[in-house]
Amino acid sequence: MTDLIYLKDSYRKTLKTKILKAERKGDVLLVVPKDCIFYPQGGGQPSDTGRIKGKSSEARVLHARMSGGNVVLECSLTGTLNAGDAVECTVNWDRRFRNMRRHTAGHVIHEAVMSVTAGLTPLRADHGDNPFIEYAGSITRDKTDPIEVKANEIVARDLPVTAEFVSFDQLSEKAAFIPPHLPNNKPLRIVTIEGYRPVPDGGTQVSSTGEVGPIRITGIENRDDKVRVEYAINEESKTDTTQEEGGISAQEIISLLLEVQSSAFSLIDSHERSADDLRIRLLGSKSPLTGLTRKIRSIPKSDASRVGIVANEVKKSIEQKLSGYIRPELLNREAAASPDLPDSDTDRGYFDPTEPGSSPPVGHLHIVSQAITEITDIFARIGFSRVRHPEVDWDWYAFESLNMPLSHPARDEWETFFIEYPGTRPPEKGKFTRIVLTPHTSNGQVREMEKGELPIRMINIAKCYRRQSDVSHTPMFHQFEGLYVDRGVSIAHLKGVIMYFARSFYGSDREIRLRPFHFQFTEPSFEIDVSCGICHGKGVPPGGSVCRLCKSGWLELGGAGMVHPNVLKAAGIDPKIYNGFAFGWGVERTYMMKSGTKIDDLRILYGNDIRFLEQF
Ligand code: FA5
């Protein structure tokens, strides 16, 4: 197995190693190295290119790919290279560094997207020539600027980016999400931008967000329940200060100086640090500005003076901006609590009325409201309209009309809250007897049929109440109830609709299965399961033992069945002419089952803890 050095040190440009295997295929030589610094194409990041030098021959690496646990380098060769040969490998560093910057830019943009939007699930990313990140869900175009601003703010903060190898269990515990397809031929790894949740990743990353340089969001493309956030980075800039080979041109220093200036301004504008801290970071001896100023010595004298002028201007502009800096505590920021804030008068600064104000934090919809919107949209596309029916209703609609007479034992399963009548006792018989907090959305079935408009294609989403509270139950929760009534409805229609929903909501590779079950109001009745997004119905994830998410390969969606003739009759519909299907599932649990969304205790959804809610 090739040792994947690029995963451990993405800045390694040369390496001495041995060839494990060399085989000629037509014009191409396929080389398997013992240790590898070339990144093999995958995870949206393009392959590296470079050179392998043997004793008396040199091969150009045109492409690298994984095969089993090995990296295979596709090379063009002058001379011969054989298994066992000692070689020196060199990566085409310009290409690799650009790809690393694009890749980390993708992670930065992901965090920006997560902070200004809601309800999106990452699907895939491409960090090639036209880079993008794709999500399940949609983003309106007016989010372009907020995403770009947030991304550049993360860049300006120059946050460390670190990587860690993990087991599958650690990955599912720590990572913000689990991608639908984890690689089964590479070690599992998570990458963390300081201050953000780790993300599964097998690519090469720069060591801090500042190295990415300015990011532009070039497009937001919504298509078929998916959205692509397209982006670009400054391809000219080479902020890799560790780069050994090749000199740096006057023009490159100037564009880097301008980048440094705009990053510095964003950092000052974020008001997250004390003035002293900013001064050290932006103007101190280890600052990027001082590093670039030193580089002026290495360029020809004829260019040095004009670059020097730019460097001085940049320095002056940062000093000027810092002199008007408002301390974080004056802005009433969290950072005001930081014990390391100096308290001297010189640090206080003054208020510049011409500076733009800072925008207040913007909230977003609760995770359950996002799920309701998504579910409503999915069913609307196949003609199911969202309807509303009472959440405090007559017992008759919640039970009696659903083939559950007053004394029926099945009623106990719903652990219902009853409403006390003020004053008089309710009548014992008839439609208007007792009142309940609806324990399920099935009360909407007969209510919808009573409207007298056929066919029916409804989706009833409402609050439900039961005397239950534990890790998987809340006393108030939401269900969505589908009902289709027409002539000639069959189980095949039910299966088709459920399959459509499962694939739209969870992903196109999902399967469903129907298990026989019992409900009083459907005959036949089923429980519906959807295949697990982590282990794909196998119960064993790639590289793991028992799947932590599903344990068996399948996740339970909820109940469904063909509408019982007695229910149709209760609504005055002739079951000899019409029939239908119904299903009713919990919104919270259905959403929780989306791969990557792991919530150990359902009650946290309604705990109003902002630290939890703002993650979605
Ligand atoms: C019912 O409520 C049926 N009305 C569903 C149905 C409709 C079947 C139409 C056939 C035709 P059940 O009691 O299993 O079924 O609840 C359905 C779903 O509601 C459960 O799978 C679960 O996802 C959710 N649920 C039930 N109780 C709670 C609770 N206390 N907290 C959170 N979710 C709950």
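A polar contact is taken here as a pair of N or O atoms within 3.5 Å, of which, within protein, one must be able to donate a hydrogen and the other to accept it. In the predicted model, the side chain of Asn443 takes part in two such pairings: one of its polar atoms lies 3.0 Å from the backbone oxygen of Pro390, and a polar contact of 2.9 Å joins the side chain to that of Asp393. Asn443 belongs to helix H11, which spans residues 443-449, and has a relative accessible area of 2%, so that it is classed as buried, the limit for this class being under 20%.

The ligand occupies the second largest pocket. Strands S21 (476-486), S24 (554-563) and S25 (579-586) are the elements that each give two or more residues to the shell around the ligand, and the largest share, 4 residues, is that of S25. In total, 22 residues surround the ligand, with His440, Ser442, Arg466, Gln468 and Gln479 being the closest. When sorted by class, the shell comprises 11 polar, 8 nonpolar and 3 charged residues.

Both side-chain and backbone atoms of the protein approach polar atoms of the ligand. A polar atom of the Gln468 side chain is placed 2.6 Å from a ligand nitrogen, while a polar backbone atom of Thr474 is found 3.1 Å from a nitrogen atom of the ligand. An oxygen atom of the ligand, in turn, lies 3.3 Å from a backbone N or O atom of Gly586. Of the 680 Å² of accessible area that the ligand has on its own, 93% is covered by the protein.

Terms used:
Residues are numbered from 1 along each chain as its sequence is written. This is a predicted model: local features need pLDDT of at least 70, side-chain atom pairs count only at pLDDT 80 or more; totals for chains, interfaces and linings use all residues. Side-chain values use heavy atoms; hydrogens and water are left out. A residue is near a molecule or strand if one of its heavy atoms lies within 4 Å of it. Accessible areas come from the Shrake-Rupley method with a 1.4 Å probe; for residues, only the protein chains shown count as cover. On a 1 Å grid over the protein atoms alone, a cavity is a set of points where a 1.4 Å probe fits but cannot get out, and a pocket is an open set with protein on both sides within 12 Å along at least five of seven lines; lining residues have an atom within 4 Å of a point. A molecule sits in a cavity or pocket if more than half of its atoms lie within 2 Å of its grid points. Ala, Val, Leu, Ile, Met, Phe, Trp, Tyr, Cys and Pro count as nonpolar, Asp, Glu, Lys and Arg as charged, and the others, Gly among them, as polar. Buried means under 20% relative accessible area, exposed over 50%, partly exposed in between (1.4 Å probe, protein chains only).
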